[in-house]
Amino acid sequence: MDIIFNVFYRLTKDRFFFNYFSSQKGKKLRYSCSIIESGCCLIQVLPSLREKHDEFMLRELVKRWSNHKVMVRWLSRFFHYLDRYFIARRSLPPLNEVGLICFREQVYMELNGKVRDAVISLIDQEREGEQIDRALLKNVLDIFVEIGMTHMDYYENDFEEAMLKDTAAYYSRKASNWILEDSCPDYMLKAEECLRWEKDRVSHYLHSSSEPKLLEKVQHELLSVYASQLLEKEHSGCHALLRDDKVEDLSRMFRLFSKIPKGLDPVSSIFKQHVTAEGTALVKQAEDAASNKKADKRDTVGLQEQVFVRKVIELHDKYLAYVNNCFQNHTLFHKALKEAFEVFCNKGVAGSSSAELLATFCDNILKKGGSEKLSDEAIEETLEKVVKLLAYISDKDLFAEFYRKKLARRLLFDKSANDDHERSILTKLKQQCGGQFTSKMEGMVTDLTLARENQTSFEEYLSNNSQANPGIDLTVTVLTTGFWPSYKSFDLNLPAEMVRCVEVFKEFYQTKTKHRKLTWIYSLGTCNLIGKFEPKTMELIVTTYQASALLLFNAADRLSYSEIMTQLNLTDDDVVRLLHSLSCAKYKILNKEPNTKTISPTDYFEFNSKFTDKMRRIKIPLPPVDEKKKVIEDVDKDRRYAIDASIVRIMKSRKVLGHQQLVMECVEQLGRMFKPDFKAIKKRIEDLITRDYLERDKDNPNLFRYLA
């Protein structure tokens with residue numbers, strides 16, 4: 001230092017000396033200064049560093065490096081004029097750079113290995129829980145960075161590479177012990193703490209560029225190497241965490257495994273397996289419960305099916321919360337959840353398809369007197385969840401048909417608990433499945449509003465035309481054929497009183513429009529009759545069929561089965577159902593001979609004048625008809641039309657297409673509503689060929705051509 005300051009003193013004191021060298025001997029002056037610096041490094045710095053080791057050597061290095069930078073800074077200031085003009089014109093390195101090169105060549109190149117080992121040793125000590133001087137390490141590692149003069153080569157090659165290798169070896173030893181000793185949650189807790197500590201080291205003394213490399217090494221040794229072994233630990237692995245609802249541990253697992261390449265793939269696979277297993281267990285449980293019930297306990301079996309749907313909804317809520325919270329809404333887990341639910345949601349229970357179960361569940365919530373007693377908010381929430389479940393059902397068209405049938409009964413028989421809820425679920429279904437899915441159902445709801453307005457007009461018409469009034473309260477619901485399910489329409493021979501009512505309404509309707517034809521669906525009608533029995537007079541709520549049969553006994557005391565069938569003009573099945581409800585069920589309005597529980601063509605019936613009941617107003621239901629078979633037949637028919645339309649659309653745009661590609665494109669187009677069977681598609685292709693929509697290529701029978 002004294003030598004340097006003496007030079008400084010002479011240069012600043014003798015201005016002529018400074019000017020001479022700055023103009024004539026600038027290069028020699030710069031070289032002389034470099035010799036002074038090198039001399040200091042060789043005479044004072046190196047000996048002091050060579051005699052010290054470990055932390056003491058590091059402290060001495062920091063001190064010497066600091067002094068050297070002061071010397072270089074002052075030399076640069078004194079010879080600023082040379083640096084700024086003379087050196088720049090000759091494209092020579094500036095003085096401060098020469099000073100750093102001098103230290104690097106004389107000191108750093110000899111000691112960087114010892115320094116590196118000392119630093120790594122201190123880092124390992126800290127990893128073992130010892131206290132170290134972090135500020136000292138920060139200053140030492142800054143030397144590796146600064147010595148490169150804007151380049152990280154010396155830091156990366158002389159320190160970072162060895163440090164990363166040591167880190168990998170350290171955590172490899174730790175992980176090999178932990179995986180044997182610790183449970184999966186304990187192991188993950190330690191791994192997360194290690195990653196946090198390493199990140200903390202970067203923030204305190206390592207260069208920021210080391211963070212991704214350092215964490216990658218730790219993650220590889222702690223997680224990648226033991227991923228499968230960790231996830232499949234017998235009593236504490238991923239399966240056990242899901243089984244025991246260890247939400248916090250699952251969240252930690254996601255955080256850790258999301259940091260390693262494809263680390264989430266096995267986790268999502270285990271998640272899918274677990275959800276599938278739980279859902280399949282629910283299906284088996286429902287099947288067992290249904291099979292244990294006797295065949296005549298239909299209500300009990302139906303209740304079991306409702307419980308099953310409720311449990312599936314709860315299962316979906318549970319694991320959707322896992323996906324959103326534990327797995328941070330990751331698409332991989334959404335996909336796993338979807339695929340898992342698609343497996344068991346498309347399995348039937350007790351002979352009923354999942355589409356039918358969902359439709360029945362909705363009907364139970366939306367109709368009056370359903371077993372689900374929920375508040376308006378709870379109903380809205382439940383309907384939202386049902387629509388989410390529908391996304392996993394492959395036969396959405398089957399659900400639509402079952403739902404439409406049940407919606408029709410709720411609307412026509414005034415069994416809907418709340419019109420707002422009916423519109424709400426239609427809106428949700430429309431968002432989920434598209435406007436075509438709900439167009440008919442929306443038309444049904446609109447029809448009911450128009451029908452009420454039409455009924456009001458009819459009542460005004462009767463009040464203004466007293467002669468046309470049939471003397472019976474008549475309510476007619478006019479519906480649009482295209483929106484509603486198809487119903488059987490028979491030419492029922494109505495009693496005279498009802499015939500008059502029909503004629504009056506036809507006259508009224510002709511005043512409204514002359515371009516529409518009315519088709520009367522008597523099977524959906526209801527009547528209120530006054531029955532005059534000996535004990536007391538009672539009001540009977542019956543269907544139009546039942547009312548027509550009972551009114552026959554106003555003109556006759558005794559009628560045979562064949563007489564009733566002839567006068568009503570009904571089929572055997574319908575006659576058996578209505579006579580059974582009137583003579584063999586709970587309310588015996590008619591007496592039957594012989595007195596058996598079954599209806600046969602040789603039976604005779606009489607009016608039961610002694611009938612009585614504690615109620616003055618009773619409803620006599622008809623035995624329920626299983627419409628499942630007809631619904632499935634209707635859906636199959638619609639599917640044939642849909643497949644035909646899809647094939648024609650594809651071929652019209654492509655003109656020529658191979659069999660395999662045609663089938664795949666058809667499946668892709670129709671997949672949103674149902675999964676068409678390959679055999680069904682092949683059959684429809686053959687049918688279209690016979691109808692001259694398509695033809696086979698003469699040379700290649702697997703190639704089809706569109707016929708315009």
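Begin by selecting helix 25, residues 572-583, in this predicted model. Its 12 residues should span 16 Å at 1.5 Å a residue, and the end C-alpha atoms are indeed 16 Å apart, so expectation and model agree. Next, display the side chains of Asp574, Val575, Leu578, Leu579, Ser581, Leu582 and Ser583, which are the buried residues of helix 25. To see what surrounds these buried residues, add helix 23 (544-551) and helix 24 (561-568), together with strand 4 (590-593) and strand 5 (604-607); the buried residues of helix 25 pack against these four elements.

Move now to helix 16, residues 331-345. This helix has 15 residues, and the distance from its first C-alpha to its last is 20 Å, close to the 21 Å expected at 1.5 Å a residue. Colour Phe333, Ala336, Leu337, Ala340, Phe341, Phe344 and Cys345, the buried residues of helix 16. Because they cover an arc of only 145° around the axis, they lie on the same side of helix 16.

The next stop is a pair of helices. Two packed helices are described by the angle between their axes and by the distance between the axes. Select helix 4 (residues 54-78) and helix 7 (residues 134-146), which pack at an angle of about 55° with their axes 10 Å apart. Helix 4 and helix 7 are therefore oblique to each other, and their crossing is left-handed. From helix 4, show Glu55, Leu58, Arg59, Leu61, Val62, Trp65 and Lys69; from helix 7, show Leu136, Leu137, Asn139, Val140, Ile143 and Glu146, which the helix 4 residues meet.

Stay with helix 4 and select Leu75, which is placed in this helix. Is Leu75 buried or exposed? Leu75 has a relative accessible area of 2% and is buried. Then pick Leu95: Leu75 and Leu95 are 20 residues apart in sequence, and their C-alpha atoms are 7.5 Å apart in space.

From there, go to Phe103 in helix 6 (residues 95-127). Phe103 counts as buried, at 1% relative accessibility. A C-alpha to C-alpha line from Phe103 to Lys69 spans 9.5 Å, although the two are 34 residues apart in sequence. Lys69 is also one of the helix 4 residues that meet helix 7.

A second helix pair follows. Select helix 20 (residues 419-433) and helix 21, whose axes come within 8 Å and cross at roughly 160°. That angle makes helix 20 roughly antiparallel to helix 21. Helix 20 passes helix 21 in a left-handed crossing. On the helix 20 side, display Asp419, Arg423, Leu426, Leu429, Lys430 and Cys433; on the helix 21 side, display Gly435, Phe437, Thr438, Met441, Glu442, Val445, Thr449 and Arg452, which together make the contact.

Follow the chain to Val476, in the loop between helix 21 (435-464) and helix 22 (496-512). Val476 is buried, with a relative accessible area of 9%. Which residues should be shown around Val476? Leaving aside its neighbours within four places in sequence, Val476 is in contact with Gln455, Phe505 and Trp520. Phe458 may be added as well: Val476 and Phe458 are 18 residues apart in sequence and 8.8 Å apart from C-alpha to C-alpha.

The tour ends at Gln219, in helix 10 (residues 210-224). With 10% relative accessibility, Gln219 counts as buried. Beyond its neighbours within four places in sequence, Gln219 is in contact with Leu195, Ser224, Lys259 and Ile260.

Conventions:
Residues numbered from 1 in each chain as written. Predicted model: local features only at pLDDT ≥ 70, side-chain atom pairs only at ≥ 80, totals over all residues. Heavy atoms only, no water. Helix = DSSP H or I, 4+ residues; strand = E, 2+ residues; numbered from the N terminus. Expected span 1.5 Å × (residues − 1). Buried < 20%, exposed > 50% of the residue type's maximum accessible area, 1.4 Å probe, protein only. Arc of directions from axis to C-beta. Axes fitted to C-alpha atoms, helices over the stretch in contact; angles between N-to-C directions. Parallel < 35°, antiparallel > 145°, perpendicular 65-115°, else oblique. Left-handed = near helix turned anticlockwise from the far one by under 90°. Contact = heavy atoms within 4.5 Å.
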